[in-house]
Amino acid sequence: MIFITAKFRVKAEHASDWPSISAEFTQATRAEPGCLWFDWSRSIDDTDEYVLVEAFADDDAASAHVTSDHFKTAQQHLPQFLVETPRIVNFKLPETDWSELTELAVK
């Protein structure tokens, strides 16, 4: 799987609206056949920062994502709401789903 985490610093005046601002892009991405997950979280340390955790089944799915019409639309629409270019970490992993954090096992 292709596992991606990205940090989005949203302009303060738009931070509370980010879920609705990015909703169309989020819904379209989640509907892609190769999308395993596409989840936003808001930082508790910086309420203007959102963290996106996403995963795609393979290189083909990731390529389909970045060449999709909704991705191209997001490239044109979303930057106006951002303070800076998002930062990203991208890995290819042999897993296909989340693993358990056994060090904090719930018994």
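A polar contact is taken here as a pair of N or O atoms within 3.5 Å, of which, within protein, one must be able to donate a hydrogen and the other to accept it. In the predicted model, the side chain of Thr-29 makes such a contact with the backbone oxygen of Phe-25, at 2.9 Å. Thr-29 is part of helix H2, and with a relative accessibility of 0% this residue counts as buried. Beyond its neighbours within four places in sequence, Thr-29 is in contact with Cys-35, Phe-38, Phe-56, His-65 and His-70.

The chain has 107 residues, of which 36% are buried. Its secondary structure amounts to 4 helices and 4 strands, arranged along the sequence as β-α-α-β-β-α-α-β. Along the principal axes, the C-alpha atoms occupy a box of roughly 40 × 35 × 20 Å. Of the contacts between residues at least 6 apart in sequence, 73% link residues at least 24 apart.

Strands S2 and S3 are paired in the antiparallel sense, with 7 bridges. The connection between S2 and S3 is a hairpin of 6 residues. Within this pairing, Asp-39 has Val-53 of S3 as its bridge partner.

The largest nonpolar core contains 22 residues, and the members that touch the most others are Phe-8, Trp-18, Trp-40 and Phe-56. Two or more residues each are contributed by strand S1 (2-9), helix H1 (18-21), strand S2 (35-42), strand S3 (49-56), helix H3 (59-66) and helix H4 (69-77). S1 supplies the largest share, with 4 residues. A second core, separate from this one, has 6 residues, including Met-1, Phe-3, Trp-37 and Ala-55. When neighbours within four places in sequence are set aside, the contacts of Phe-56 are Met-1, Ile-2, Ile-4, Thr-29, Glu-32, Gly-34, Cys-35, Leu-36, Ala-61, Ala-62 and His-65.

Three of these contact residues of Phe-56, namely Ala-61, Ala-62 and His-65, are buried residues of H3. Viewed down the axis of H3, the buried residues lie within an arc of 100 degrees and therefore line one face of the helix. In an α-helix there are 3.6 residues a turn, so residues three or four places apart point the same way. The packing partners of the buried H3 residues are S1, helix H2 (23-30), S2, S3 and H4. At the N-terminal end, H3 is capped by Asp-58, which places a side-chain oxygen 3.2 Å from the backbone nitrogen of Asp-60.

Aromatic pairs number 10 in the whole structure. In one of them, Trp-18 and Tyr-50, the ring centres are 6.4 Å apart and the planes meet at 40 degrees, so the pair is classed as tilted. Because Trp-18 belongs to helix H1 and Tyr-50 to strand S3, this pair ties together parts 32 residues apart in sequence. Both Trp-18 and Tyr-50 are buried. Phe-25 and Phe-38 make an edge-to-face pair, with 5.5 Å from centre to centre and 85 degrees between the planes. Here Phe-25 is in helix H2 and Phe-38 in strand S2, so the pair ties together parts that are 13 residues apart in sequence. Phe-25 and Phe-38 are likewise buried. One aromatic cluster is formed by Phe-8, Trp-18, Phe-25, Phe-38, Trp-40, Tyr-50 and Phe-71. Phe-25 and Phe-38 also bear on Thr-29: the backbone oxygen of Phe-25 is reached by the Thr-29 side chain, and Phe-38 is in contact with Thr-29.

Two further residues were examined for accessibility and position. Thr-73 is located in helix H4. Its relative accessible area is 46%, and Thr-73 is partly exposed because that class covers values between 20% and 50%. Thr-73 and Ile-4 are 69 residues apart along the chain, and their C-alpha atoms are separated by 20 Å. Glu-84 is in the loop between H4 and strand S4 (87-92). With 35% relative accessibility, Glu-84 also counts as partly exposed. Between the C-alpha atoms of Glu-84 and Lys-7 the separation is 10.0 Å, for residues 77 apart along the chain.

Key: Residues numbered from 1 in each chain as written. Predicted model: local features only at pLDDT ≥ 70, side-chain atom pairs only at ≥ 80, totals over all residues. Heavy atoms only, no water. Core = buried A, V, L, I, M, F, W, Y, C linked by side-chain atoms within 4.5 Å. Buried < 20%, exposed > 50% of the residue type's maximum accessible area, 1.4 Å probe, protein only. Contact = heavy atoms within 4.5 Å. Arc of directions from axis to C-beta. Phe/Tyr/Trp six-rings, centres within 6.5 Å; stacked < 30°, edge-to-face > 60°. Pairing = 2+ DSSP bridges.
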